[in-house]
Amino acid sequence: MKRFEGRVVLLTGAARGIGGAAAELFAREGARVVVTDYDRADAQASIAPLLAAGLAVEAEGLDVTQEAAWAGVIDRIIARHGRLDVLVNNAGVGWAGTAEDCTLDVWRATMAVNMEGVFLGTRKAIEVMKAHGGSIVNVASIAGNVGEPLLAAYNASKGGVRIFTKAAALHCAQSGYPIRVNSLHPGYTVTKLVNSLMESMPADEAEAYTKHVLGLIPMGRLADPMEIARPLVFLASDDASYMTGSELVVDGGYIAA
Ligand SMILES: NC(=O)c1ccc[n+]([C@@H]2O[C@H](COP(=O)([O-])OP(=O)(O)OC[C@H]3O[C@@H](n4cnc5c(N)ncnc54)[C@H](O)[C@@H]3O)[C@@H](O)[C@H]2O)c1
């Protein structure tokens, strides 16, 4: 059974990684999928195999920090398809930095993408979804639930996404809008984000950090992006019809320990 037949799904930061995996799953479940990323060329290149497989996907450039860009993309979706059913706020960035050595530039750049991007997208999606309903999934992180000394700004941004999601969910429910808003909390996943984090450290520190992280994951390994994308698609689907304001943790047991 295809859960997204006739539905329009918009994902941010979806040219690769978790968003890329989710875009493919939504399309295979019958959705028309709008894959966006900071660089339109990246988004366009990422959908080539999906188009070749006959799936209904299209690409747009969207820098999630830009309010006007959000309005442009969502207004074009409504003009083309008449509806938006699912928004996945997936775009995210992260750099190493403790509460002592994180620079103000890194702090602000992290907040701009991870928090302001989610706020701008959620606000615009509510505007167009409130009449016919919809589902918003904000990709937070286990870093929104537990602290990690090396990730001060990332921790703060994902904690912000976690609690903003609840405020948005309550607002929609209390306003009588048929919109569910939930957060997804992946654990460490093999994507460019994690690779870049490792590359930003000296080799010996990266090795020690990898060992430290693996030691904290009861399942003893990182996730494959598809293992995060499947619960993400569930959260967006009608199978999660009674879930709003909730947080779905997908972390190989990390925060249970
Ligand atoms: N990989 C992990 O271990 C992990 C764990 C928990 C949460 N997450 C979260 O999952 C989400 C996806 O990350 P990923 O691991 O797939 O990493 P990724 O680097 O593969 O994907 C992130 C995407 O976000 C895009 N992006 C960055 N800045 C942007 C901007 N201003 N506007 C639009 N797009 C922008 C990038 O171009 C990239 O395609 C992020 O929110 C991340 O914080 C990842």
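In the predicted model, Leu 10 stands opposite Leu 87 of strand E4. Leu 10 belongs to strand E1 (residues 8-11), which runs parallel to E4 and is joined to it by three bridges. Both faces of E1 are covered. Val 8 and Leu 10 lie on one side of the strand, Val 9 and Leu 11 lie on the other, and all of these residues are buried. E1 also pairs with strand E2 (residues 32-37), again in the parallel sense and over four bridges. Within this pairing, Val 35 of E2 is the bridge partner of Leu 11.

Strand E4 (residues 86-89) forms a further parallel pairing with strand E5 (residues 134-139), over four bridges. Here Leu 87 has Ile 136 of E5 as its bridge partner, while Val 86 is partnered by Ser 135 of E5. Leu 87 therefore takes part in the register of E4 on both sides, with Leu 10 opposite it in E1 and Ile 136 as its partner in E5. The side chains of E4 alternate: Val 86 and Val 88 point one way from the strand, Leu 87 and Asn 89 point the other way, and all are buried.

These strands belong to an open sheet of seven strands, arranged in the order E3-E2-E1-E4-E5-E6-E7 with parallel pairing. Strand E3 (57-61) and strand E7 (247-250) form the edges, each pairing on one side only. From one strand to the next, the twist averages 20°. Helix H4 packs on the sheet, where it touches E4, E5 and strand E6 (179-186). The direction of H4 makes about 175° with that of E4.

Helix H4 (residues 104-129) also packs against helix H3 (residues 67-81). The two helices meet at an angle of about 30°, and their axes are 10 Å apart. The crossing of H3 and H4 is right-handed. On the H3 side, the contact is made by Glu 67, Trp 70, Ala 71, Ile 74 and Ile 78. The H4 side contributes Leu 120, Gly 121, Lys 124, Ala 125 and Val 128. By class, the residues in the contact of H3 with H4 comprise seven nonpolar, one polar and two charged.

Ser 157 is located in helix H5 (residues 152-175). This residue counts as buried because 28 C-beta neighbours lie inside 10 Å. When neighbours within four places in sequence are left aside, Ser 157 is in contact with Thr 110, Met 111, Asn 114 and Met 115. The C-alpha atoms of Ser 157 and Val 93 are 9.9 Å apart in space, although the two residues are separated by 64 residues in sequence.

The ligand is surrounded by 28 residues, of which Gly 13, Gly 17, Gly 92, Thr 191 and Leu 193 are the closest. Helix H1 (17-28) and helix H6 (192-199) are the elements that give two or more residues to this shell. In terms of residue class, the shell around the ligand consists of 13 nonpolar, eleven polar and four charged residues.

Terms used:
Residues are numbered from 1 along each chain as its sequence is written. This is a predicted model: local features need pLDDT of at least 70, side-chain atom pairs count only at pLDDT 80 or more; totals for chains, interfaces and linings use all residues. A residue is near a molecule or strand if its C-beta atom, placed from the backbone, lies within 6 Å of it. Ala, Val, Leu, Ile, Met, Phe, Trp, Tyr, Cys and Pro count as nonpolar, Asp, Glu, Lys and Arg as charged, and the others, Gly among them, as polar. Axes are lines fitted to C-alpha atoms, for helices over the stretch in contact, and angles run from 0 to 180 degrees between N-to-C directions. A crossing is left-handed if the near helix is turned anticlockwise from the far one by less than a right angle, and right-handed if clockwise. Two residues are in contact if their C-beta atoms, placed from the backbone, lie within 7 Å. Two strands pair if DSSP finds at least two bridges between them. A residue is buried if 20 or more other C-beta atoms lie within 10 Å of its own, exposed if 12 or fewer, and partly exposed in between; C-beta atoms are placed from the backbone.
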